[in-house]
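Notebook open, viewer open. I'm jotting things down as I look them up.

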Amino acid sequence: MLTHYFHIIRAMSENKSPLTARALAVGIIGLVIITASSMYVALRMGALPWPTVFVTVLSMAVLGKAKGSTLEEINCTHTLMSAGAMVSGGLAFTLPGLWMTESGASLSIISILAISITGAVLGTVFTVIFRRTFIEKEKLPYPMGEAAYNTLIAGKEGKGAPVLFTSLGASALFTFVRDGLGKIPAVLGVFSGSSLFPALSVWVSPMALGIGAIIGPVLALMWFGGAVLGYFILTPAGLATGLFDSMASADAFRSNLGIGLMIGTGIGVAVKAVVSLFKKKKNAEKSDPIGKNVIIMILIVCVLSVIVLALTTDITILEGILLIIGVYLTTYLSGMLTGQTGVNPMEIFAILVLLGISAVLSPSLAAAFSIAGVVAVACGLTGDVMNDLKSGSLVGTRPRYQIMAESIGGIIGAIVAAFALIVLKDSMGGFGSAELPAPQAAAVAAMAGGLTDSLAFFIGVAVGLVLYLLRLPSATLGLGVYLPTYISSTMALGAVIMAIVKKCARDKATADEKAALISSGFLGGEGITGVIIAIVSMF
């Protein structure tokens, strides 16, 4: 494997590689921006849509007219550029939970860097094993990877760039007026609430509208349906019948139910994966042997990872060994689920590994969050890598160049994401605040600190498992039950608006393309502006 890198470097010097010097320069600049803005999006939204289409168009806009540029060069550029986004998601969905606990524990920047970089390296390395199975043998669709390919082919002349940058600029200006100048309220109340019914509000956010438009009406309305179920059916019914003696106990039931639904989905993923592997063995399907050099490289990376985590975090050697096993299993699940559905619930995989290790050992609170962080980062990066490798396979890019781009982007992105996490925490009132609710991390905190309503949790696990096996989006439902209503209501609004626009459009293909670009611009504009405002406010 290491010899491949030497060949790549030599090919770059001879100008034969699509991973050119300008691809590296453009990719790294975009990587820093996308990684930092993704951290902001993840902490504020508790969700992080794939940046794949956005970075594809951005790469085309910059390199499309450059002398001698090729689709493969653009492909490698956006591969590198997107690598840090899901690393940010992995950190944002786990580590802030430690600061939300009452223990007063925290992590040093050295520990955060070790968690982030180790997770990124493991995610990339294990993906090397899964690539051929998922992309070449099983030919999983990888919706976002195919979308990136279609965008690359359709927009290779740069026609999509004006639409993207117009929506990005409009979103950035709106966010600046709202957050920078304080002229627009961030949340608008629709219903103030009562003794039985919680308040209903909407988030005044182009980013939230864009996310709803991207995920579509089915998932967005399922998300909002979860909020309706949790806040406006179970809560008032429980209070009216005396099942809950206060709004606080109703909230505890609702939040634990939502977490259980998400964990039940994760268990369902694991069950399906085990059944799938058993069927393969039963059919005596012989897989391609892994090369000796690759095995040696992976073993070295795993050993070094355990040592680094033991020296820089509270994770013990034994916990580290179990963690490596857990990362291998969950990155496999992550690659499979991303390929089948386009969904990658990295924080659920983190909780699953944490629960598994906690059942055998007793990790400290800081170690528990460190374990969750490594798993979430690795799974997040695996999903991103596989999407990019899918688009690369359709374009015809040699995988080794994309893996090299992901390796560079993953490590740089891990460093940027770690510092962005600290910058946002110090400048925006801490985690769990109105500005940075970090709801996914709060779910991890609930698992690490003990459940406040075990009955609700196990009901959620059972229901989530059944719904997933019935091929229903139970994780999305659970997210709606758990998250505040102002997030899911705006998501649903964005999805409905986009569905109406597409329905009324005469040219469906053009409408779909422009919708993806406009939605991506909404996400990028608010995310980038939010990070800039946060950095300025800190200094």
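First thing I wanted to know: is R471 buried or exposed? With a relative accessibility of 73%, R471 counts as exposed. I found R471 in the loop between α17 (454-469) and α18. I also checked its backbone: phi is positive, about 65 degrees, although R471 is not a glycine.

**Confidence.** Note to self: this is a predicted model. I looked up the mean pLDDT of the protein, which is 81, with 86% of the residues at 70 or more. Helix α14 has the highest confidence, a mean of 91, and helix α1 (residues 2-13) has the lowest, a mean of 47. Residues 1-14 sit below 50, and I noted 20 contacts for this stretch beyond near neighbours in sequence. Residues 284-288 also stay under 50, with five contacts beyond four places in sequence. Low pLDDT means the predicted coordinates should not be read in detail.

**Helix after the R471 loop.** I went on to α18 (residues 474-482). Nine of its nine residues are buried, so the helix is largely enclosed by the rest of the structure. Among the buried ones I ticked off L477, L479, V481 and Y482.

**Cores.** The largest nonpolar core holds 109 residues, and M39, L43 and L323 have the most contacts inside it. Helix α14 (residues 365-395) gives the largest share of this core, 15 residues. I then picked L323 and listed its contacts, leaving aside neighbours within four places in sequence: L309, I315, V353, I357, I371, V374 and V375. There is a second, separate core of 16 residues, which includes L58, L63, A85 and L164.

**I325.** I placed I325 in helix α12 (residues 317-341). I325 is partly exposed, at 47% relative accessible area. I computed its C-alpha distance to V353 as well: 9.2 Å, for two residues 28 apart along the chain.

**Greasy surface.** I found a nonpolar surface patch of about 570 Å², made by I296, I300, V303, L304, I307 and L311. I looked at I300 on its own. I300 belongs to helix α11 (residues 292-312) and is partly exposed at 46% relative accessibility.

**Salt bridges.** How many salt bridges does the count come to? Six. I went through three of them.

The one I liked best is E526 with R178, at 2.8 Å from N to O. E526 is in helix α20 (residues 508-538) and R178 in helix α8 (residues 161-180), so the pair ties together parts 348 residues apart in sequence. I checked burial for both partners: E526 is buried at 0% relative accessibility, and R178 is buried at 2%.

Next came R132 and E136, whose side chains meet at 3.7 Å. They are four residues apart in helix α6 (residues 109-137), so about one helical turn separates them. R132 is partly exposed at 40%, and E136 is partly exposed at 39%. I also saw that R131 joins R132 and E136 in a network of salt bridges.

Last was R254 with D251, at 3.6 Å. These two are three residues apart in helix α10 (residues 247-282), again about one helical turn. R254 is buried, with a relative accessible area of 9%, whereas D251 is partly exposed at 28%. Reminder for both within-helix pairs: an α-helix has 3.6 residues a turn, so residues three or four places apart point the same way.

How values were computed:
Residues are numbered from 1 along each chain as its sequence is written. This is a predicted model: local features need pLDDT of at least 70, side-chain atom pairs count only at pLDDT 80 or more; totals for chains, interfaces and linings use all residues. Side-chain values use heavy atoms; hydrogens and water are left out. A nonpolar core is a set of buried Ala, Val, Leu, Ile, Met, Phe, Trp, Tyr and Cys residues joined through side-chain atoms within 4.5 Å. Buried means under 20% relative accessible area, exposed over 50%, partly exposed in between (1.4 Å probe, protein chains only). Contact means heavy atoms within 4.5 Å. Patches are made of residues with over 30% relative accessible area and no salt bridge: like charges are joined within 9 Å, nonpolar side chains (Val, Leu, Ile, Met, Phe, Trp, Tyr) within 5 Å. Accessible areas come from the Shrake-Rupley method with a 1.4 Å probe; for residues, only the protein chains shown count as cover. A salt bridge is a side-chain nitrogen of Lys or Arg within 4 Å of a carboxyl oxygen of Asp or Glu. pLDDT is the predictor's confidence in each residue, from 0 to 100.
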